[in-house]
Amino acid sequence: MLKLTIVMPCYNEGTRIYRNIIETLTQVEKFQDSFRLLVVNDGSTDETESEIRRAMATDSRVGLITYKDNKGKGYAVRRGIMSAKSEYVAFLDADLELPPYLLDSFMKKIEGESETGSKVGIVIGSKMHPDSQVEYPPLRKIMSTGYYIFLKIVFGLSLRDTQTGIKLFRTDIAQEISKYCRCKGYSFDIEMLAIADKLRKTKKDNDFTIEEMPVVVNFSRNKDNKSKIKMRSVFVMVRDTLRIKMYVSKLGF
C-alpha cells in the first residue's frame, strides 16, 4: 500500500502551481519514497489545470482531481481525502507558505505515540506552538489570535491553533471524519477537528487523538498577490463556526 497521499487544493494558482508542485516533490522525496501528490483544481478559471497537467507529464507521482465550478477549499480537501488510497493522508496549502518538509516530523509523530502514550491519529500544524517559527504581518497575527480565543470559547478545544494549512491523518480516520463534514469553505478545519474530538469522546477511541506540531511560516505573498483573508472572510468564518457548533452538537454517533 502507498504510504502517503498529499492533497493540495488550489484555485487560480496558475502562475505558480507548476513550480510549487515540483518543489513539493523535491522536498518530500528526501524523507518519503512512497507517496503521491494529489492536486485538486477547485474550478479555477486561469491556466491552473493545464499547469498541473504539465507537472503530471513530468512526474507520475502527481495526480489530478478537477471540476468546473468553484466549490470551496473544504470541499476540495474532502474530495482528495476520500480519493486517497494510502496509509496516511495529508493536506497542504498550494502557496507553500508552509514548507512540505514539515511532513517529515509529522510522519514521525503519527507513527509513534502521543505525549500521553496513546496512538495518534491526527497531527496538525500550529502557529502558536512554542517552537514554531512564524513571520507574518501583525494584522494577520491579531486575527489568528482572536479566532483562537473565539474557538476556545465556542468549542472548548485544548488546541492552540486549528487553521494552519498543513495536517496529517491516518487515512481511515480522515475518511471517517469526512463522512460527517459538510462545510465547503475555509472553516472546514475546525469542523473536522471538532468532529474528531466528539468521536474521540463519544466512542472513547484514542485513535482520534490530535497532536499539535511546530511549523515554519513565511508570509511570502507580495503586493500583487495579497492574502485572501478579508474582513468579509472573517465574518463568514465566524458565522460558519457558529453553524458548525450547532451542527456538531446535534451529531449522534
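Among contacts in the protein between residues at least 6 apart in sequence, what share joins residues at least 24 apart? The figure is 80%, with a contact taken as heavy atoms within 4.5 Å. The model is a predicted one, so to speak of local features takes pLDDT of at least 70, and side-chain atom pairs count only at pLDDT 80 or more, while totals for chains, interfaces and linings use all residues. Residues are numbered from 1 along each chain as its sequence is written, and side-chain values use heavy atoms, leaving out hydrogens and water.

Eight helices and nine strands make up the secondary structure; these are DSSP runs numbered from the N terminus, with helices being H or I of at least four residues and strands E of at least two. The radius of gyration, taken over C-alpha atoms, is 17 Å, which agrees with the value near 18 Å for a compact globule of 253 residues (the rule is 2.2 Å times the number of residues to the power 0.38). The C-alpha trace spans about 45 × 45 × 35 Å along its principal axes.

As for the inside, 53% of the 253 residues count as buried, meaning under 20% relative accessible area with a 1.4 Å probe, protein chains only. The largest nonpolar core (buried Ala, Val, Leu, Ile, Met, Phe, Trp, Tyr and Cys joined through side-chain atoms within 4.5 Å) has 40 residues, and Ile-122, Phe-155, Phe-169, Ile-177 and Met-192 have the most contacts inside it. Helix α7 (residues 188-203) gives this core its largest share, eight residues. A second, separate core holds 35 residues, including Val-39, Leu-98, Phe-106 and Val-215.

Note on methods
Buried means under 20% relative accessible area, exposed over 50%, partly exposed in between (1.4 Å probe, protein chains only).
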